[in-house]
Amino acid sequence: MAIPRVIRPLKHSSALRSARSAFSTTSTARTTSVTLKALGLDSYNLGVYNGEWSGNGDVVETVNPATGEVLGAVQQASGKDLDHTLQCATKAAKMWREVPAPKRGEIVRQMRNALSEKIEPLGRLVSLEMGKILPEGIGEVQEYVDIADYAVGLSRMLNGQVIPSERPGHMMMEMWNPLGVVGVISAFNFPVAVYGWNSALSLVCGNAVVWKGAPTTSLTSVAVTKILAEVLEANGLPGALCSLATGGADIGNQIAQDKRVNLVSFTGSTNVGRKVGLTVQERFGKSLLELGGNNAIIVHNDADIDLAVRSILFAAVGTAGQRCTTTRRLFLHEDIHDTFIERLIKAYGQIRVGNPLEAGILCGPLHTKAAVAAFKEGIADVKAQGGTIVHGGNVLSHLAGNFVEPTITSISHDAPVVHREIFAPILHTIKFSNINEAIEWNNEVGQGLSSSLFTTSPERIFNWIGPAGSDCGIVNVNIPTNGAEIGGALGGEKETGGGRESGSTSWQQYMRRQTCTVNYSGMLPLAQGIKFE
């Protein structure tokens, strides 16, 4: 887990001026300053919003992982701040649920437009604070814009259904109503999009949202909330509909424990997600868990090799291996294994690692020093467990930030390190002889998020997506494991948590289902023909 740098709480204006003056002038200072100014941010920012901005917790600095330089600071929420924010959100939810869904959709449409206007500076902030390359940072904001578009249309299609009743003069139907307050706990790797998936759908479904982003990307959380708050305030709506409570594990635990939070949507590691799920279940709340992924691509001997190489390059190296859908295991048919490895090594050799804001860079830094340590541990475990490093394997210590080499290994499918999700660009390659063997190995890990098969055989394709195929929530053919479209449900099985975000019927998780029977007959026939007279 990333540990942000903490300064003691700053209570007085003189202390705040000292915090501002502490940030050094560097080669990236102008870019940072212009970006923060465009988003209404400063070097010091309040991190609690519930209609008003405040913050009484620790002041946490966020750091550029490409340079190690401080970007800014955010005063986090205290426990009392969160309690007050939940009071405000609960009150706002009671008003919001009475607003017709299409009217709620209109507000989300305005939010979509406001986000689109800020897409370049917000995407740049994602690159500065998280570390992903600029096209990916802008693409992430676009993903929020896209899901907002989807949610606007959805606001006119939150349909129930009419169910035939067996009793004369009765009508039975299914209704969907808002839950109340949705708590969103999001991770550092997608500091905009994950909140967007949850927030856009929650709002059109009639809920208020309380968001706790990762403390290491708190500036992004504040920037997004400022954009949404302006829309709410311009429409005379309570800002608490899009509340923010930045903070660490203590704030996350409080959200999970609080009965006022009807649904907790958590994105993060399996270990933490397990604790969140148990905590929420203890109070019989609802949880939506999007957890770890140990995703595999299978390349059969009839695959389009060019297509597969390009797909794997993006899937394994994009976001420096820090997507939940990153490809971490590559199963290659024995007939093509050696040739494919040669092609893949050549492609890896062309990857430029460096400043994520620089044109032509394909791999930025890992998010934290802890991630670099996990990378080093993973490389050591590969060697200790009988594997070899085919390409890469080194920390790029000559660079100022948290940079590592995108790495290819050769190792057994059942090595313990292969079954462990390492949030870094490490790709384990494994040779197989038949498709059934490859599918079995795909399914043998604890996680079940994303998977893909490269083949031209219809028989193998339909077996792969059928009951005897992949056990993942995302099952692709001839495309990477990552880069999912917003129209489909994102999520997985087993230790991935079982939750679904974004498209399809994911919206139903943000509402409560009610079966309603209306008797207009004046009689009282009972179901199953029961007589009670």
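A search of the whole structure, which is a predicted model, finds 15 salt bridges. Three of them are set out below, each with the separation of its nitrogen and oxygen atoms.

| Acidic residue | Basic residue | N to O distance |
|---|---|---|
| D258 | R260 | 2.8 Å |
| D302 | R460 | 3.0 Å |
| D471 | K494 | 2.7 Å |

The side chains of D258 and R260 meet in a salt bridge, and these two residues also belong to a network of salt bridges that takes in D83. D258 has a relative accessible area of 15% and is therefore buried, the limit for that class being under 20%. R260, at a relative accessible area of 26%, is partly exposed.

The closest N and O atoms of D302 and R460 are 3.0 Å apart. This pair links distant parts of the chain: D302 lies in the loop between β14 and α11, whereas R460 belongs to helix α15 (residues 458–464), and the two are 158 residues apart. D302 is partly exposed, its relative accessible area being 22%.

In the salt bridge between D471 and K494, the N to O distance is 2.7 Å. Because D471 sits in the loop between α15 and β21 while K494 is part of strand β23 (residues 493–494), the pair ties together parts that are 23 residues apart in sequence. D471 is partly exposed, with a relative accessible area of 24%. K494 likewise counts as partly exposed, at 37% relative accessibility.

**The seven-stranded sheet and its helices**

An open sheet of seven strands follows the order β16-β17-β18-β15-β14-β20-β21, and its pairing is mixed. The edges are formed by β16 (388–391) and β21 (474–477); each has a single partner strand, so one side of each is left without a neighbour in the sheet. On average, and with direction ignored, neighbouring strands of this sheet are turned by 25° against each other.

In general, strands of a sheet pair through backbone hydrogen bonds, in either a parallel or an antiparallel manner. For the edge strand β16, the partner β17 (residues 407–410) pairs in the antiparallel sense over three bridges. Within this pairing, T388 stands opposite S410 in β17.

Two helices can be described relative to the sheet. Helix α11 (residues 305–317) lies across β14 (295–299), β15 (327–333), β18 (426–432) and β20 (450–454), and runs at about 170° to β14. Helix α13 (residues 369–384) lies across β16, β17 and β18, running at about 120° to β16.

**Nonpolar cores**

The largest nonpolar core comprises 93 residues, and those with the most contacts inside it are L122 and Y195. Helix α8 (residues 218–234) contributes the largest share of this core, namely nine residues. When residues up to four places away in sequence are not counted, L122 touches L39, L115, V141, V192, A223, V224 and I227. Apart from this core lies another, of 49 residues, among them I298, C363, W441 and W464.

**The surroundings of S451**

S451 is placed in strand β20, one of the strands across which helix α11 lies. At a relative accessible area of 0%, S451 is buried. Neighbours within four places in sequence left aside, S451 is in contact with A296, N442, W464, S470, C472, I474, V475, N476 and T481. One of these contacts, W464, is also among the members of the core of 49 residues.

**Residues with positive phi**

Two residues other than glycine have a positive phi and may be described together. The phi of N478 is near 60°, although N478 is not a glycine. N478 lies in the loop between β21 and β22 (489–490), and at 26% relative accessibility N478 counts as partly exposed.

S502, also not a glycine, has a positive phi of about 80°. S502 is found in strand β24 (residues 501–502). S502 is buried, with a relative accessible area of 3%, whereas N478 is partly exposed.

How values were computed:
Residues are numbered from 1 along each chain as its sequence is written. This is a predicted model: local features need pLDDT of at least 70, side-chain atom pairs count only at pLDDT 80 or more; totals for chains, interfaces and linings use all residues. Side-chain values use heavy atoms; hydrogens and water are left out. Two strands pair if DSSP finds at least two bridges between them. Helices (H or I, at least four residues) and strands (E, at least two) are DSSP runs, numbered from the N terminus. Axes are lines fitted to C-alpha atoms, for helices over the stretch in contact, and angles run from 0 to 180 degrees between N-to-C directions. Contact means heavy atoms within 4.5 Å. A nonpolar core is a set of buried Ala, Val, Leu, Ile, Met, Phe, Trp, Tyr and Cys residues joined through side-chain atoms within 4.5 Å. Buried means under 20% relative accessible area, exposed over 50%, partly exposed in between (1.4 Å probe, protein chains only). A salt bridge is a side-chain nitrogen of Lys or Arg within 4 Å of a carboxyl oxygen of Asp or Glu.
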